[in-house]
Amino acid sequence: MLYVVATPIGNLKDITFRAVEVLSSVDLIACEDTRHTKVLLDHYAIKTPTTSFFQHNRFVKGEYILAFLKEGKDIALVSDAGMPGILDPGYNLINLAIKNNIAVTAIPGPCALVNALVLSGSPAHEFIFVGFLPNRSVARKNRLKGLSGSKYTVIFYESCHRILSALEDINEVYGPREITVVRELTKKFEEARRGSAQTIVEYFQSVKPRGEFVIVIPPA
Ligand code: SAM
């Protein structure tokens, strides 16, 4: 069985009893970064061996992990944060397992986009998650323009390095529409900032943006 296990997105207490049980009992844990996951495993005194499975080794390592699964071993897949498969290489392993008729199950838990959407207060019955916006401003604006007429709430992930330029482009495309920018979900400095992109840009020009961000834009 391949267990896709959601892990905390900041606060180590955000993990289910079942996730701890599964991580303790499987034969191997495939981690995006073994050093990162070690912090979580040590916190819960989990002694299960780990192996890395990340973007650049996903094909070779995928076959290695598949061989274990075919031998009848149980493997847990975790990412650095949240639900594996949501914007990380987890998808490749899950897909490989399915194609090889390996049983797959997911242990639910934190996912940054769900927390952000709920905290934003935007309509949550229909939404689009578009991952990271393109790095370059022209491509980013084009993507934003394509989404600006959406009748769905739109959600992006963003890093502290690009949040200001992304918000400047959102301001250009969306104007005064009230958006929500959340950062550091579940952590000590969790913050949800609501207002036009312009007012949020002004705020982060005076207070250096730190941490990990999610941007939520409600429909017009
Ligand atoms: N698998 C993860 C999930 O379930 O949400 C997402 C992985 S993606 C590579 C990492 C991005 O998720 C970050 O750049 C940030 O935009 C968002 N993210 C993850 N943890 C977060 C947190 N605690 N607060 C805000 N955003 C977070």
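**Reading a cavity, a helix face and two domains**

The largest cavity has a volume of about 40 Å³.

Biologist: Good place to start. How many cavities of 30 Å³ or more does the structure hold?

Modeller: Just one, and keep in mind that we're looking at a predicted model.

Biologist: Which residues line that largest cavity?

Modeller: Glu32, Phe53, Leu77, Val78, Ser79, Pro84, Asp88, Pro89 and Gly90. Sort that lining by character and you get five nonpolar, two polar and two charged residues.

Biologist: On to helices. Why would buried residues of a helix sit on the same side of α8?

Modeller: General idea: an α-helix has 3.6 residues a turn, so residues three or four places apart point the same way. Now the case here: α8 spans residues 197–206, and its buried residues are Ala197, Ile200, Val201 and Phe204. They're on the same side of α8 because they cover an arc of only 105° around the axis.

Biologist: And what does the face turned away from the buried side of α8 carry?

Modeller: Gln205 and Ser206, both exposed.

Biologist: What covers the buried residues of α8?

Modeller: The cover includes one helix, α7 (163–174), along with the strands β8 (179–183), β9 (191–195) and β10 (212–217).

Biologist: Last one, the big picture. Into which domains is the protein divided?

Modeller: Domain 1 runs over 2–107 and domain 2 over 112–217. Their C-alpha centres lie 29 Å apart. As for the contact between them, domain 1 gives six residues and domain 2 gives nine. In general, the size of an interface is often given as the accessible area lost when the parts come together.

Conventions: Residues numbered from 1 in each chain as written. Predicted model: local features only at pLDDT ≥ 70, side-chain atom pairs only at ≥ 80, totals over all residues. Heavy atoms only, no water. 1 Å grid on protein atoms, 1.4 Å probe; cavity = no way out; pocket = protein on both sides within 12 Å on 5 of 7 lines; lining within 4 Å. Points joined across faces, edges and corners; volume = space filled by probe spheres on them. Nonpolar A, V, L, I, M, F, W, Y, C, P; charged D, E, K, R; others polar. Buried < 20%, exposed > 50% of the residue type's maximum accessible area, 1.4 Å probe, protein only. Helix = DSSP H or I, 4+ residues; strand = E, 2+ residues; numbered from the N terminus. Arc of directions from axis to C-beta. Contact = heavy atoms within 4.5 Å. Domains from an automatic or database assignment.
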